[in-house]
Amino acid sequence: MSDLLLHHYPLSPFAEKIRLVLGFKNLSWKSVIIPMYMPKPDVVALTGGYRRTPFLQIGADIYCDTALICDVLEHLQPKPTLYPEAVKGVTRIVAQWADSLVFPVAMAYNFQPAGAAHVLKGWAEQDIKDFVQDRTQMRGGAARMPAADATGMYKSYLRRLSHMLENHSFLLGDAPSLADFSAYHPTWYTLRQVPVLESILDATPNVRDWLLRMENMGHGNSQEISSSQAIEIAHSSTPKDMSQEAFVDHHGIALGSQVVITAESFGLEPTQGELVAATRTRYTLRRQDARAGTVQVHFPRNGFILKKVDA
Ligand SMILES: N[C@@H](CCC(=O)N[C@@H](CS)C(=O)NCC(=O)O)C(=O)O
C-alpha cells in the first residue's frame with residue numbers, strides 16, 4: 001500500500017474523526033501539519049483550491065472530505081469495517097446528521113467566550129484576528145449561533161446519543177460504525193479542547209463513557225513529514241488510472257471537460273481541472289501544478305457542486 005498522508009492540524013475535529021478511524025483500522029500514516037486558516041499555499045498546491053481540513057494524499061491522488069476519506073480507507077483496509085452489514089444504510093445517515101447538525105451546534109457551544117478564551121490562550125492578537133476573520137468569511141459573514149441556543153440544541157443532541165447508547169456500547173450496536181466517528185469528533189472537542197465547558201456531558205454519563213471508549217482506539221502509528229515533502233511525493237508519483245471507472249453523467253458534462261468543483265457550503269474555494277472520472281458517488285479532476293506536477297483531486301458527489309468552465 002502506498003503511504004497515507006493526512007494533511008491536518010491537531011485542533012481540527014474533522015481531522016480527529018479521521019485520526020481515530022486510522023487508529024480503529026490500525027493503519028500507519030504520515031502526518032502533514034497544515035495551517036488552521038488561509039493562506040495555505042502548500043495545501044492549494046495539492047488541492048487546487050479546496051482549503052478545508054483534513055484531506056488525504058496517496059501519491060499524486062488527493063481525497064477531499066472525510067466522507068470520501070472514510071470510503072477510501074475502508075477500501076484499503078476493510079477490517080474492522082466502518083459499515084457493519086446490518087446498519088450500513090443507517091450508519092451513513094446518522095453520520096451525516098452528526099457531521100452536518102451536531103457539529104455546528106457543538107462548535108457554537110464550544111466557541112462561546114469561555115471556550116474561545118481557552119482555545120486561543122497564548123495566541124498573538126493578530127493571529128486571533130486573522131483566525132476569526134477567516135472563519136467569518138467561511139460562514140459567508142453569518143454570525144455563529146448564539147451560545148444559549150447552541151446549549152439547548154447540543155443538550156438535546158447529547159440526549160439522543162445517550163438514548164442510542166442505552167442498550168449497547170456503540171451508537172448502532174456492539175461494534176463501532178461510521179456514525180460513532182462522526183458523533184465523536186464534535187463531542188471530543190468539548191471534552192478535550194474546551195474542558196472548561198465539558199460539564200455539559202454530566203447529564204449524559206453514558207456519552208462520556210462512550211467518548212472514552214472511542215478515544216482508546218488511538219490514532220494508529222504516524223510519522224510527521226513536512227508539506228514540502230508531501231508536495232515532492234506528489235510530484236514524483238503517477239496519479240491512479242481512472243480510465244476504467246464507470247461514467248455516470250447527471251450534468252451533461254463530458255469527460256475531458258474543464259470543470260470546477262465547489263463545496264455546497266462553508267469554504268467555497270473552487271478547484272478547477274479536467275474531469276477524468278464521475279462515478280455514482282465521486283468526481284475526479286486532473287490538474288497541473290507548478291510544484292506538485294500532475295495531481296488528481298477526488299471529491300464525493302454529496303456536498304459538492306460540479307460546473308463546466310465556459311470556454
Ligand atoms: N464536510 C467536511 C467538513 C470539514 C471541515 O469543516 N473542516 C473544518 C476543520 S474541522 C475546516 O475546514 N475548517 C477550516 C480550515 O481548516 O481551514 C469534511 O467532512 O471533511
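This passage describes the fold, the domains, the ligand shell and selected residues of a predicted model.

The chain contains ten helices and ten strands. Its C-alpha atoms fill a box of roughly 55 × 50 × 40 Å along the principal axes. For 311 residues, a compact globule would have a radius of gyration near 19 Å. The chain has 19 Å, which agrees with that expectation. Buried residues account for 37% of the 311 residues. Contacts often link distant parts of the sequence. Among contacts between residues at least 6 apart in sequence, 74% join residues at least 24 apart.

The chain is divided into two domains. Domain 1 is built from two stretches, 5-79 and 222-308. Domain 2 covers residues 87-215. The C-alpha centres of domain 1 and domain 2 lie 24 Å apart. Across the boundary, 14 residues of domain 1 are in contact with 17 residues of domain 2. On the side of domain 1 that touches domain 2, helix α1 supplies the largest share, with seven residues. By class, that side of domain 1 has eleven nonpolar residues, one polar residue and two charged residues.

Leu 20 belongs to helix α1. This residue counts as buried because 23 other C-beta atoms lie within 10 Å, and the cut-off for burial is 20 or more. Setting aside neighbours within four places in sequence, Leu 20 is in contact with Phe 181, Tyr 184, Met 214, Met 217 and His 219. Phe 181 and Tyr 184 fall within the range of helix α8 (178-193). Leu 20 also illustrates a long-range approach in the fold. The C-alpha atoms of Leu 20 and Gly 220 are 200 residues apart along the chain, yet 7.8 Å separates them.

The ligand is surrounded by 15 residues. Ser 12, Phe 14, Arg 52, Thr 53 and Thr 66 come nearest. Helices α1 (13-24) and α3 (66-76) each supply at least two residues of the shell. The shell is mixed in class, with six nonpolar, five polar and four charged residues.

Helix α3 also has a buried side. Its buried residues are Thr 66, Leu 68, Ile 69, Cys 70, Asp 71 and Leu 73. Thr 66 is thus both buried and among the residues that come nearest to the ligand. The buried residues of α3 pack against helices α1 and α8 and against strands β3 (55-58), β4 (61-64), β8 and β9. In an α-helix, residues three or four places apart point the same way, because each turn takes 3.6 residues.

Strands β7, β8 and β9 are linked by antiparallel pairing. Strand β7 (residues 271-278) pairs with strand β8 (residues 282-289) over four bridges, in the antiparallel sense. Within this pair, Leu 275 has Leu 285 of β8 as its bridge partner. Three residues lie between β7 and β8, and the two strands form a hairpin. Strand β8 is also joined to strand β9 (residues 293-300) by eight bridges, and these strands run antiparallel. Here Thr 284 stands opposite His 298 of β9. A hairpin is formed again, with three residues between β8 and β9. In a regular strand, side chains alternate between the two faces of the sheet.

Several loop residues have notable backbone geometry. The peptide bond from Met 38 to Pro 39 is cis, with omega near 5 degrees. Pro 39 sits in the loop between β2 (28-33) and α2 (41-47). A cis peptide bond also runs from Thr 53 to Pro 54, with omega near 0 degrees. Pro 54 is placed in the loop between α2 and β3. Thr 53 is one of the residues that come nearest to the ligand.

Positive phi values occur at Asn 26 and Asp 65. Asn 26 is not a glycine, yet its phi is about 55 degrees. Asn 26 lies in the loop between α1 and β2. With 13 C-beta neighbours inside 10 Å, Asn 26 counts as partly exposed. Asp 65, also a residue other than glycine, has a phi near 80 degrees. This residue is found in the loop between β4 and α3. Asp 65 is buried, with 23 other C-beta atoms within 10 Å.

Asp 241 provides an exposed case. Its place is the loop between α10 (227-235) and β6 (258-263). Asp 241 counts as exposed because it has 10 C-beta neighbours inside 10 Å. Asp 241 and Ala 254 are 13 residues apart in sequence, with 18 Å between their C-alpha atoms.

Notes
Residues are numbered from 1 along each chain as its sequence is written. This is a predicted model: local features need pLDDT of at least 70, side-chain atom pairs count only at pLDDT 80 or more; totals for chains, interfaces and linings use all residues. The radius of gyration is taken over C-alpha atoms; the globule rule is 2.2 Å times the number of residues to the power 0.38. A residue is buried if 20 or more other C-beta atoms lie within 10 Å of its own, exposed if 12 or fewer, and partly exposed in between; C-beta atoms are placed from the backbone. Two residues are in contact if their C-beta atoms, placed from the backbone, lie within 7 Å. A residue is near a molecule or strand if its C-beta atom, placed from the backbone, lies within 6 Å of it. Ala, Val, Leu, Ile, Met, Phe, Trp, Tyr, Cys and Pro count as nonpolar, Asp, Glu, Lys and Arg as charged, and the others, Gly among them, as polar. Domain bounds come from an automatic or database domain assignment. Two strands pair if DSSP finds at least two bridges between them.
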